[in-house]
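Let us take a walk through this structure together, one stop at a time. Have the sequence and the model open as you read.

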Amino acid sequence: MPAPAPAPTRSAVFHPLTVAAVDRLCEDAVAITFAVPAALRGAFAFRAGQSLTLRRVVDGREHRRTYSICAPAGAAPRIGVREIPDGMFSSWLVHDVTPGTRIDVQAPSGPWRADPAAGERHLCIAAGSGITPLLSVASTVLTHPSARVSLVYGNRTSRTVMFAEELGDLKNRYGPRLQVVHVLSREPRDAELFSGRLDRDRLHRLLTGIVPAEVFDHVWLCGPFRMVEDAAPCSPASASRPTASTSSCSTSTRPRRGPAGTPGRRPVRRPS
Ligand SMILES: Cc1cc2nc3c(=O)[nH]c(=O)nc-3n(C[C@H](O)[C@H](O)[C@H](O)COP(=O)(O)OP(=O)(O)OC[C@H]3O[C@@H](n4cnc5c(N)ncnc54)[C@H](O)[C@@H]3O)c2cc1C
């Protein structure tokens, strides 16, 4: 007799969720918020930095895409989607999905787990749609009164900055505990340091000048593979290496003294 198939894990099952809101973020991106029925609240409880996998069937063929959650832990799950030209899934989400649309969604998954209880110092470096998990991390950890966040955020132009307004609201709410540094690659800014790509040289100058990397407990990186690779040496543990892909995320934590006084290191986690 064949062995019974293993039971699907919590996150492998798709649940039809109703879209509660679609908010335009900039010319090519939207935020989509899902309504979660009471019976699924436990399954869809998420930690800051986790993501959702969505399913769509077109002409009998199933397609799946993963999107990082951009809401603070405890809020309704919300994703931020940038349209990829001719992208099958992202174009549909940006143009055709409206409140009331039902979408098959898996429970949150992914290894990022920002701890809002710790009250530590976080450096976030994002480019483009890489801001989505970092917005979740920042808005979650800042609820601790002694947490501090510095965000270095690269975009092509001011018209393509996702969550510009929301970052402004967070800045108003948390004042000096949140530092946001915008860098634009195709739009001149007053200072040369803030105009150009977030490459190794510019990151080095930013992280030795206005946001010194050594004062942070955690570094969170999300953006194109090249940016994450260039920024990795700036992280305190500097042990994370992104995998080859068009985009990548990684995080590292400052090495700490273990309880017996020996140097210790928390594990480095990296979503696929
Ligand atoms: C863990 C994880 C988290 C993610 N989080 C987000 C998120 O928060 N927001 C978000 O918008 N996207 C996110 N993505 C990317 C997302 O899953 C899709 O890959 C993206 O929306 C493109 O899918 P598509 O079907 O529209 O494009 P496809 O139809 O699959 O691709 C169309 C064309 O675009 C190219 N392409 C695909 N992706 C990219 C890219 N990123 N840059 C340049 N060219 C590309 C393809 O090679 C292809 O030629 C995430 C991916 C992962 C793995």
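To sort residues by character, count Ala, Val, Leu, Ile, Met, Phe, Trp, Tyr, Cys and Pro as nonpolar, Asp, Glu, Lys and Arg as charged, and the others, Gly among them, as polar. With that in hand, look at the shell around the ligand: five of its residues are nonpolar, eight are polar and two are charged. Please keep in mind that this is a predicted model.

Which residues come nearest to the ligand? Of the 15 around the ligand, they are Arg-65, Thr-66, Tyr-67, Ser-90 and Thr-132. Several parts of the fold take part in this shell: strand S4 (61-68), strand S5 (78-82) and helix H1 (88-95) each supply at least two residues. The most comes from S4, which gives four residues.

Now zoom in on the oxygen atoms of the ligand. One oxygen atom lies 2.8 Å from a polar side-chain atom of Arg-65. The side chain of Tyr-67 has an N or O atom 2.7 Å from an oxygen atom of the ligand. Phe-89 takes part through its backbone, where a polar atom is 2.9 Å from a ligand oxygen. On its own the ligand has 920 Å² of accessible area, and the protein covers 61% of that.

Phe-89 leads us on to the aromatic rings. A pair of aromatic rings is described by the distance of the centres and the angle of the planes. There are three aromatic pairs in the structure. One of them joins Phe-89 and Trp-92 edge-to-face, with 5.7 Å from centre to centre and 85° between the planes. Both residues sit in helix H1, three residues apart, which is about one turn of the helix. An α-helix has 3.6 residues a turn, so residues three or four places apart point the same way. Are Phe-89 and Trp-92 buried or exposed? Both are buried. Another edge-to-face pair is formed by Trp-112 and Trp-220, 5.0 Å centre to centre and with 65° between the planes. Because Trp-112 lies in the loop between strand S6 (102-106) and strand S7 (121-127), while Trp-220 belongs to strand S10 (residues 218-224), this pair ties together parts that are 108 residues apart in sequence. Trp-112 counts as buried at 0% relative accessibility, and Trp-220 is buried too, with a relative accessible area of 1%. Back at the ligand, ring pairs link Tyr-67 with Phe-89 and Trp-92 into a cluster.

Helix H1 deserves a stop of its own. Six of its eight residues are buried, so H1 is largely enclosed by the rest of the structure. The buried ones are Phe-89, Ser-90, Ser-91, Trp-92, Leu-93 and Val-94. What covers them includes strand S1 (14-26), strand S2 (29-35), strand S3 (51-58), S4, S5 and S6.

Our last stop is Arg-82, in strand S5. Why does this residue count as buried? Its relative accessible area is 14%, and buried means under 20%. Leaving aside neighbours within four places in sequence, the contacts of Arg-82 include Ser-90, Val-94, Asn-155 and Met-162. The side chain of Arg-82 also makes a polar contact of 3.2 Å with the side chain of Asp-28. In addition, a polar atom of the Arg-82 side chain lies 2.5 Å from the backbone oxygen of Thr-160. Finally, the C-alpha atoms of Arg-82 and Leu-93 are separated by 8.9 Å, with the two residues eleven apart along the chain.

Technical notes
Residues numbered from 1 in each chain as written. Predicted model: local features only at pLDDT ≥ 70, side-chain atom pairs only at ≥ 80, totals over all residues. Heavy atoms only, no water. Near = heavy atom within 4 Å. Polar contact = N/O pair within 3.5 Å; in protein donor to acceptor, adjacent residues only side chain to side chain. Areas by Shrake-Rupley, 256 points an atom, 1.4 Å probe, with all protein chains shown as cover. Phe/Tyr/Trp six-rings, centres within 6.5 Å; stacked < 30°, edge-to-face > 60°. Buried < 20%, exposed > 50% of the residue type's maximum accessible area, 1.4 Å probe, protein only. Contact = heavy atoms within 4.5 Å.
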